[in-house]
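User: I am new to this structure and would like to understand the reasons behind the terms used for it. Could you take me through them one by one?

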Amino acid sequence: MKRTVLKALALSAILGAAAVPAYASDDADCGNTPRDQWMTMDAAKAKGVEMGYEVRKVEADDGCFELKVIDKNGARAELYMHPVTGAVVQPKDDD
């Protein structure tokens, strides 16, 4: 019985460690790229326009660019953009 309990504890520890990346912060999406390597805010705005959005505001937020936009349906949204690649990392709708 003692071995069964030890095996169960070991398995729990392994599975728990494997789940840790799921709890990474939003910062992990954009990384820690130094600011001197970022594209300009104007370039980020241009990328948003290129994707079909009306870009209202661009600001830096937790290592990403946060774009306040209006989509093609007229709905407000926020886009989180990688500051070097311009890839959208975490779009989310405004409430």
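User: Why is Glu66 called buried or exposed, whichever of the two applies?

Analyst: This is a predicted model, and in it Glu66 has a relative accessible area of 6%. Buried means under 20%, so with its 6% Glu66 is called buried.

User: Where does Glu66 sit, and what is it in contact with beyond its neighbours in sequence?

Analyst: Glu66 belongs to strand β2, which covers residues 64–70. Once the neighbours within four places in sequence are set aside, the contacts of Glu66 are Lys57, Val58, Glu59, Asp61, Glu78, Leu79 and Tyr80. For one of these, Leu79, which is 13 residues away along the chain, the C-alpha atom is separated from that of Glu66 by 5.7 Å.

User: What makes the meeting of Glu66 and Lys68 a salt bridge?

Analyst: The distance between N and O in the side chains of Glu66 and Lys68 is 3.3 Å, and the rule asks for a Lys or Arg side-chain nitrogen within 4 Å of a carboxyl oxygen of Asp or Glu, so the pair qualifies. Side chains of opposite charge can pair when their charged atoms come close. Lys68, unlike the buried Glu66, is partly exposed, with a relative accessible area of 26%. A network of salt bridges links Glu66, Lys68 and Glu78.

User: How many salt bridges are there by this rule, and what are the values for Arg56 with Glu54 and for Glu59 with Lys57?

Analyst: The count comes to four salt bridges. Arg56 and Glu54 have their closest N and O atoms 2.8 Å apart, while the side chains of Glu59 and Lys57 meet at 3.5 Å, N to O; each of these values is within 4 Å, so each pair is counted as a salt bridge.

User: How do you know which of these four residues are exposed and which are partly exposed?

Analyst: Exposed means over 50% relative accessible area, and Arg56 has 57%, so Arg56 is exposed. Partly exposed covers the values between the cut-offs of 20% and 50%, so the term applies to Glu54 at 43%, to Lys57 at 44% and to Glu59 at 26%.

User: What makes the one aromatic pair edge-to-face?

Analyst: A search of the whole structure finds one aromatic pair. The ring centres of Trp38 and Phe65 lie 5.1 Å apart, which is within the 6.5 Å required for a pair, and their planes stand at 75°, which is over 60 degrees, so the pair is called edge-to-face. Trp38 lies in the loop between α1 (2–19) and α2 (41–50) and Phe65 in strand β2, 27 residues apart, and the pair thus links distant parts of the chain. Trp38 and Phe65 are both buried. In addition, Arg35 lies over the face of Trp38, at 4.2 Å from the ring centre.

User: How do you know that Cys30 and Cys64 form a disulfide?

Analyst: The sulfur atoms of Cys30 and Cys64 are 1.9 Å apart, and the cut-off is 2.5 Å, so the two cysteines count as a disulfide. The structure holds one disulfide, and it links distant parts of the chain, with Cys30 in the loop between α1 and α2 and Cys64 in strand β2, 34 residues apart. A disulfide is a covalent bond between the sulfur atoms of two cysteines. The link of Cys30 and Cys64 is right-handed, with 110° about the S-S bond, and both Cys30 and Cys64 are buried.

User: Why is Asp62 called exposed or buried, whichever applies, and what is said of its phi?

Analyst: Asp62 has a relative accessibility of 52%, which is over the 50% cut-off, so Asp62 counts as exposed. Asp62 lies in the loop between β1 (54–61) and β2, and its phi is near 50°, a positive value in a residue other than glycine.

User: Which elements make up the protein as a whole, and how much of the protein counts as buried?

Analyst: The protein has two helices and four strands, which run α-α-β-β-β-β from the N terminus on. Of its 95 residues, 22% count as buried. The protein exposes about 6800 Å², of which carbon and sulfur atoms supply 54%.

Conventions. Residues are numbered from 1 along each chain as its sequence is written. This is a predicted model: local features need pLDDT of at least 70, side-chain atom pairs count only at pLDDT 80 or more; totals for chains, interfaces and linings use all residues. Side-chain values use heavy atoms; hydrogens and water are left out. Buried means under 20% relative accessible area, exposed over 50%, partly exposed in between (1.4 Å probe, protein chains only). Accessible areas come from the Shrake-Rupley method with a 1.4 Å probe; for residues, only the protein chains shown count as cover. Rings of Phe, Tyr and Trp (its six-membered ring) pair if their centres lie within 6.5 Å; planes under 30 degrees apart count as stacked, over 60 as edge-to-face and the rest as tilted. A charge sits over a ring if NZ of Lys or CZ of Arg is within 6 Å of the ring centre and within 35 degrees of the ring normal. Contact means heavy atoms within 4.5 Å.
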